[in-house]
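Subject: Structure handover

Hello,

Here is the structure we spoke about, with the sequence alongside. My notes on selected residues and contacts follow below.

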Amino acid sequence: AIRARMALDYASVEVELREVLLRDKPRAMLEASSKGTVPVLVLPDGRVIDESVDVMHWALMHRDPDGWWQEGLESETNELLEQNDFVFKKYLDRYKYADRYPEHPQSFYRSKAEDFLRLLEEKLTRGAYLSGENPGFADIAVFPFIRQFAFVDKGWFDQAPYPRLQAWLQAFLDSNLFLGVMTKFPRWQEDQADE
């Protein structure tokens, strides 16, 4: 949900945030989206967007001041997101929770995930960001997953042969955009009145 929150903040879309515990999902959340995952964006007209990439697209349709969605890079961006969301994330989850996947050691899952890290390192030879000299949609969509991967074993990640990716990650970790969306809010309660 971090990437959705970053896009909403960047696009200056005003939303009511409801902090929830996924192990104790509120009834209202499940009524809006039976998937039971975050994010869940309920629009004023009642439509529901419950995929983070779709929330990002929706936010940027409203406002994209720095041109995150770059015409001409749609195919490359979509291909990168496919690899991130459906290949890398699978190995990230197994690397992060290796005790739940005992058929291979943690190092095996890390090694498989490194295919994507090498791809990103190569893309970053073109500029400071995945799409060149300025941050774009792909950067924001991929960043939270690389952040998760790095912090499974930060010592290993910091010495790994990915200096461009390490600098890219640190730039986002230090960014006002990321720090601004990481504010913790009190957990929303079902009986709270909507404001």
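R3 has a relative accessible area of 5%, under the 20% limit, so R3 counts as buried. Please keep in mind throughout that this is a predicted model. R3 sits in helix α1, which covers residues 2-10. Leaving aside residues up to four places away in sequence, R3 touches S52, V53, M56, N84, D85, I140, A141, P144 and F145. Two of these contacts deserve a separate note. With S52, R3 makes a side-chain polar contact of 2.7 Å. With D85, R3 forms a salt bridge in which the closest N and O atoms are 2.9 Å apart. That pair links distant parts of the chain, since D85 is in helix α4 and R3 in helix α1, 82 residues apart. Both partners, D85 and R3, are buried.

Salt bridges

The whole structure holds 13 salt bridges. Besides the one between D85 and R3, two others are described here.

K123 and E76 meet through their side chains in a salt bridge, at 3.1 Å from N to O. K123 belongs to helix α5 (residues 106-123) and E76 to helix α4, so this pair ties together parts that are 47 residues apart in sequence. Are the two partners buried or exposed, or something in between? K123 is buried, with a relative accessible area of 16%. E76 has 27%, which falls between the limits of 20% and 50%, so E76 counts as partly exposed.

E76 has further neighbours. Helix α4, where E76 is placed, runs over residues 74-96. Not counting residues up to four places away in sequence, E76 touches K123, R126 and L130. The C-alpha atoms of E76 and S131 are separated by 9.0 Å, with their positions 55 residues apart along the chain.

The other salt bridge joins the side chains of D158 and K154, at 2.7 Å from N to O. D158 and K154 are four residues apart in helix α7 (residues 154-159), so about one helical turn separates them. D158 is partly exposed, at 43% relative accessibility. K154 is also partly exposed, with a relative accessible area of 24%. Elsewhere, salt bridges that share partners join E76, K123 and R126 into one network.

Nonpolar surface patch

Which residues make the nonpolar surface patch of about 230 Å²? V15, L17 and F185 make this patch. One of them, L17, lies in the loop between α1 and α2 (27-32). L17 has a relative accessible area of 41% and is therefore partly exposed.

Aromatic pairs

A pair of aromatic rings is described by the distance of the centres and the angle of the planes. The count for this structure comes to 14 aromatic pairs. F143 and F172 form one that is tilted, with the centres 5.3 Å apart and 35° between the planes. This pair links distant parts of the chain: F143 is in helix α6 (residues 137-152) and F172 in helix α8 (residues 163-173), 29 residues apart. F143 is buried, at 0% relative accessibility. F172 is buried as well, with a relative accessible area of 6%.

F172 has a second ring partner, W168. Why is the pair of W168 and F172 edge-to-face? The ring centres of W168 and F172 are 5.3 Å apart and the planes stand at 75°, which is over the 60 degrees needed, so the pair counts as edge-to-face. W168 and F172 both lie in helix α8, four residues apart, about one turn of the helix. Both W168 and F172 are buried.

One aromatic cluster is formed by F88, Y95, F116, F149, W156 and F157.

If you open the model with these notes beside you, R3 is a practical place to start, with its polar contact to S52 and its salt bridge to D85. From there you could go to E76, which is in a salt bridge with K123 and in one network with K123 and R126. F172 could come next, with its ring paired to F143 and to W168.

Regards

Definitions and conventions. Residues numbered from 1 in each chain as written. Predicted model: local features only at pLDDT ≥ 70, side-chain atom pairs only at ≥ 80, totals over all residues. Heavy atoms only, no water. Helix = DSSP H or I, 4+ residues; strand = E, 2+ residues; numbered from the N terminus. Buried < 20%, exposed > 50% of the residue type's maximum accessible area, 1.4 Å probe, protein only. Polar contact = N/O pair within 3.5 Å; in protein donor to acceptor, adjacent residues only side chain to side chain. Contact = heavy atoms within 4.5 Å. Salt bridge = Lys/Arg side-chain N within 4 Å of Asp/Glu carboxyl O. Patch = residues over 30% accessible without salt bridge, like charges linked within 9 Å, V, L, I, M, F, W, Y side chains within 5 Å. Areas by Shrake-Rupley, 256 points an atom, 1.4 Å probe, with all protein chains shown as cover. Phe/Tyr/Trp six-rings, centres within 6.5 Å; stacked < 30°, edge-to-face > 60°.
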